[in-house]
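Open the model in your viewer and keep the sequence panel beside it. The stops below say what to select next and what is there.

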Amino acid sequence: MVRTWGFIWLACLALGCVTTSAAGTPDGERSYREFQLAASLRDEGQTASAIEHLRIALELDPENAEAHLLLGFIQMERRTYQNAEPHLAAAIELLEKQQRGGSTLAEARNIYGLCLMELRRYDEAVVVLRESATDELNTAPHLAWGNLGLAQFHLAEYQETVTSTMEAVRIQPRFCVGYYTMARAFWHLQQLKDAERALVGALEADPSCSNSVELQGAWRLRGEVRARLGHRRDAVADLERCVELDPYSNDGRMCQTLLEDSR
């Protein structure tokens, strides 16, 4: 799954620009210090220690929304999505209860939507991601729109996928992953010329896109689309580039097979 994560909230942690609900109470202050220590430990790669301090933070203050959010995010990084889900849900519930909107809530919803997708709860993910994408305080709405499109894609809602990803790339024209998700939807809709245009965006909208292994599938798909459109030379070039990126991945092996079949 090619997905887009939000990191603005994590950068905010480093700047100390988040606040907890129990500030001013002894346990609240201690909980916040434990949370800050955990954030620093995570940045240093000491994940196990970070988790330990986050658990202490939540023992001191079960309504420390940021501690829930960071613990859920760490579990996401560890790909333990079942463990991440309750903490991310708690973080969102607490932020809403405490009437603390802003970019932290929008990003929490984006991360939670990703978690729900990993758990294959796509209908729920669509609801949460739409809330994130349409939040006027979201500082990176294109990420949420892109993830919303991905959730819709998994539900085979291809026209809706196109609509969401078009909004994502309108906001951020260099958003490679958004173009790729759009192209996959156009492919399923059998709109091949539109798919090719979207794939050009996926691979050329940003200089870093063409060399990204994460977007190897875009080279494969563009090769297939161009072959279907009768552009054999361009198709072969795309499939060869796909193989160059990683010949041993699933996409790399598929591209190699397609090249052999074209000879």
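At what angle do the axes of helix α12 and helix α13 cross? The model is predicted, and in it the two axes cross at roughly 160°. To see this, select residues 216–228 for α12 and residues 232–245 for α13; their axes come within 8 Å. An angle over 145 degrees counts as roughly antiparallel, so α12 and α13 are roughly antiparallel to each other. The crossing is left-handed.

Now show the side chains at this contact. On the α12 side, select Q216, W219, R220, R222, G223, R226 and A227. On the α13 side, select D234, A235, D238, L239, R241, C242 and L245. Coloured by class, the contact of α12 with α13 shows six nonpolar, two polar and six charged residues.

**The whole chain**

Zoom out and colour by secondary structure. How many helices and strands does the protein chain have? There are 14 helices and zero strands, so the pattern read along the sequence consists of α elements from end to end. The C-alpha trace spans about 70 × 35 × 30 Å along its principal axes. Of the 263 residues in the chain, 55% are buried. Among contacts with a separation of 6 or more, 55% are between residues 24 or more positions apart.

**E196, in helix α11**

Select residues 192–204, which form helix α11, and pick out E196 within that helix. Is E196 buried or exposed? Its relative accessibility is 15%, and because buried means under 20%, E196 counts as buried.

Keep R226 of the α12–α13 contact on display. The side chains of E196 and R226 are joined by a polar contact of 2.9 Å. Leaving aside residues up to four places away in sequence, E196 touches V225, R226, L229 and H231.

**S208, between α11 and α12**

Move to the loop between α11 and α12 and select S208. With a relative accessible area of 49%, S208 is partly exposed. Which side chain does the side chain of S208 contact? Display D206: the two side chains make a polar contact of 2.6 Å. Then add C176, which lies 32 residues from S208 in sequence; their C-alpha atoms are 9.0 Å apart.

**Helices α2 and α4**

Next, select α2 (residues 26–43) and α4 (65–77). Their axes come within 10 Å and cross at roughly 20°. Angles under 35 degrees count as roughly parallel, so α2 is roughly parallel to α4. This crossing is left-handed.

Which residues make the contact? From α2, show F35, A38, A39 and R42; from α4, show E66, A67, L70, F73, I74 and E77. By class, these are seven nonpolar and three charged residues, with no polar ones.

**Helices α4 and α5**

Keep α4 selected, hide α2, and add α5 (residues 81–97). The axes of α4 and α5 are 8 Å apart, and the helices pack at an angle of about 155°. That angle makes α4 roughly antiparallel to α5. The crossing of α4 and α5 is left-handed.

For the contact, select A65, E66, H68, L69, L71, G72, F73, Q75 and M76 on α4. On α5, select Y81, N83, A84, H87, L88, A90, A91, L94 and L95. The contact of α4 with α5 divides into 12 nonpolar, five polar and one charged residue. E66 and F73 of α4 were also selected for the contact with α2, and both take part in the contact with α5.

**P62, in the loop before α4**

For the last stop, select the loop between α3 (47–60) and α4 (65–77), where P62 is found. Is P62 buried or exposed? Its relative accessibility is 53%, and since exposed means over 50%, P62 counts as exposed.

Show H68 and L94, which P62 touches when residues up to four places away in sequence are not counted. Both H68 and L94 belong to the contact of α4 with α5. To finish, draw a distance between the C-alpha atoms of P62 and D261, which are 199 residues apart along the chain. The label should read 59 Å.

Terms used:
Residues are numbered from 1 along each chain as its sequence is written. This is a predicted model: local features need pLDDT of at least 70, side-chain atom pairs count only at pLDDT 80 or more; totals for chains, interfaces and linings use all residues. Side-chain values use heavy atoms; hydrogens and water are left out. Axes are lines fitted to C-alpha atoms, for helices over the stretch in contact, and angles run from 0 to 180 degrees between N-to-C directions. Helices (H or I, at least four residues) and strands (E, at least two) are DSSP runs, numbered from the N terminus. Angles under 35 degrees count as roughly parallel, over 145 as roughly antiparallel, 65 to 115 as roughly perpendicular and the rest as oblique. A crossing is left-handed if the near helix is turned anticlockwise from the far one by less than a right angle, and right-handed if clockwise. Contact means heavy atoms within 4.5 Å. Ala, Val, Leu, Ile, Met, Phe, Trp, Tyr, Cys and Pro count as nonpolar, Asp, Glu, Lys and Arg as charged, and the others, Gly among them, as polar. Buried means under 20% relative accessible area, exposed over 50%, partly exposed in between (1.4 Å probe, protein chains only). A polar contact is a pair of N or O atoms within 3.5 Å; within protein, one must be able to donate a hydrogen and the other to accept it, and residues adjacent in sequence count only if both atoms are side-chain atoms.
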